[in-house]
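Visitor: I'm new here, and I'd like to hear how the labels people use for a structure are actually earned. Could you take me through them?

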Amino acid sequence: MEPTPPFLQNAYVARYAPGLAARYRRANTVAGVVFTLFLLGGLVASALTARSWFACVFVILVFGIGAATSLFTARQAENKWNADNRLALSVSDVGLGLPRLATITWAEVRYVRIYDHSLTPRGMSPYTSTVTHLFGTDSTMFVDVFVTDSDAVLARVGNPPKVLRALDADKKVTGFKGVWGQGMVGPVFQDAVQALVTAAERHGVAVTYDVTNTSAWYMPRSNQPKAN
């Protein structure tokens with residue numbers, strides 16, 4: 001068993017379920033191969049039947065983009081779901097922790113944005129549910145953490161590659177994206193969010209919400225604003 005990193009000691013810790021990286025990598029690799037086969041088959045069929053250039057462009061766009069996206073997602077699975085021993089989130093008196101970023105102190109955090117569209121018609125649709133849980137993409141639940149100096153946060157941990165970034169309200173890349181709800185287990189997303197929000201408010205950090213279910217039980221009954 002790996003030793004517990006210092007920033008996770010005496011902290012509330014939420015992790016992703018075991019085996020997610022392998023599961024999503026395998027599913028996306030299979031999807032990428034299928035898209036590639038359809039791409040090749042479509043191009044061959046277009047050439048043999050002398051179809052217009054529009055048909056070729058259509059095949060390339062539909063199946064080519066699908067293949068590239070699936071294979072890219074497969075390569076990212078390890079980074080997204082297994083970093084720091086499957087860490088999703090840690091919360092302590094010092095600050096909060098995200099994969100590859102260690103502790104971001106409360107003094108560095110400008111605000112936290114909670115995104116939960118799991119109860120929208122789109123979030124509950126068979127398509128979104130399949131894509132989210134089978135391939136690990138199109139998540140309807142996650143958290144964005146915005147900081148005063150994102151470059152300093154990255155530099156402190158050696159500028160790790162593949163850290164997922166987030167745009168703030170001014171369309172500037174000042175945040176970090178994580179805490180993907182569909183992959184969490186013990187605690188689930190709502191429990192982890194409640195712990196994060198409670199600690200953030202205790203340390204004077206603002207929390208905004210992009211949450212369609214305004215009666216969500218994990219939302220504090222306070223004056224914190226709901227995101228527009």
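Visitor: Which residues have the most contacts inside the largest nonpolar core?

Guide: Those are Leu96 and Ile114, in a core of 43 residues. Helix 6 (residues 189-202) gives the most to this core, with 7 residues. Do keep in mind that this is a predicted model.

Visitor: What makes a set of residues a nonpolar core?

Guide: The members have to be buried residues of certain nonpolar kinds, joined through side-chain atoms within 4.5 Å. Across the whole chain of 228 residues, 46% are buried, and the chain has 6 helices and 9 strands.

Visitor: Why is tyrosine 115 called buried?

Guide: Buried means under 20% relative accessible area. Tyrosine 115 has 18% relative accessibility, so it counts as buried. Phenylalanine 142 has 11%, so the label buried fits there too.

Visitor: And why does phenylalanine 63 count as partly exposed?

Guide: Partly exposed runs between the 20% cut-off for buried and the 50% cut-off for exposed. Phenylalanine 63 has 21% relative accessibility, so it lands in that range. Phenylalanine 35, at 28%, is also partly exposed.

Visitor: How many aromatic pairs are there?

Guide: The count comes to 7. One of them joins phenylalanine 35 and phenylalanine 63, with ring centres 6.5 Å apart and planes at 45°.

Visitor: Why is that pair of phenylalanine 35 and phenylalanine 63 called tilted?

Guide: Planes under 30 degrees apart would be stacked and over 60 edge-to-face, with the rest called tilted. The planes here are at 45°, so the pair of phenylalanine 35 and phenylalanine 63 is tilted. Phenylalanine 35 lies in helix 1 (residues 20-48) and phenylalanine 63 in helix 2, so the pair ties together parts that are 28 residues apart in sequence.

Visitor: What makes the pair of tyrosine 115 and phenylalanine 142 stacked?

Guide: The angle between their planes is 15°, and stacked asks for under 30 degrees, so the label fits. Their centres are 4.4 Å apart, and the cut-off for a pair is 6.5 Å. Tyrosine 115 sits in strand 5 (residues 109-116) and phenylalanine 142 in strand 6 (residues 141-147), so this pair links distant parts of the chain, 27 residues apart. There is also an aromatic cluster made of Tyr16, Tyr24 and Trp81.

Visitor: Let's turn to the empty spaces. How do you know that there is a cavity, and how many are there of 30 Å³ or more?

Guide: Rolling a probe the size of a water molecule over the atoms shows where empty space is left. A space counts as a cavity if the probe fits but cannot get out. The count comes to 1 cavity of 30 Å³ or more, and the largest cavity holds about 160 Å³.

Visitor: Which residues lie nearest the centre of the largest cavity?

Guide: Asn79, Pro99, Val163, Leu164 and Lys177, out of 17 lining residues. The lining divides into 11 nonpolar, 2 polar and 4 charged. Helix 2 (53-81), strand 2 (87-91) and strand 8 (173-178) each supply at least two lining residues, and strand 8 has the largest share, with 3.

Visitor: What about the largest pocket: how much space lies in it?

Guide: About 320 Å³. Of its 14 lining residues, the closest to the centre are Phe72, Thr73, Gln76, Lys80 and Leu164. This lining is made up of 5 nonpolar, 6 polar and 3 charged residues.

Visitor: What is there to notice about the phi of aspartate 84?

Guide: Phi of aspartate 84 is near 50°, a positive value in a residue other than glycine. Aspartate 84 is in helix 3 (residues 83-86). Arginine 100 is not a glycine either and has a positive phi of about 70°; arginine 100 is in the loop between strand 3 (95-98) and strand 4 (102-105).

Visitor: Last one: why is leucine 167 called partly exposed?

Guide: Its relative accessible area is 43%, between 20% and 50%, so leucine 167 is partly exposed. Leucine 167 lies in strand 7 (residues 165-167). Leaving aside neighbours within four places in sequence, leucine 167 is in contact with Arg113, Phe146, Lys172 and Val173.

Terms used:
Residues numbered from 1 in each chain as written. Predicted model: local features only at pLDDT ≥ 70, side-chain atom pairs only at ≥ 80, totals over all residues. Heavy atoms only, no water. Helix = DSSP H or I, 4+ residues; strand = E, 2+ residues; numbered from the N terminus. Buried < 20%, exposed > 50% of the residue type's maximum accessible area, 1.4 Å probe, protein only. Contact = heavy atoms within 4.5 Å. 1 Å grid on protein atoms, 1.4 Å probe; cavity = no way out; pocket = protein on both sides within 12 Å on 5 of 7 lines; lining within 4 Å. Points joined across faces, edges and corners; volume = space filled by probe spheres on them. Nonpolar A, V, L, I, M, F, W, Y, C, P; charged D, E, K, R; others polar. Phe/Tyr/Trp six-rings, centres within 6.5 Å; stacked < 30°, edge-to-face > 60°.
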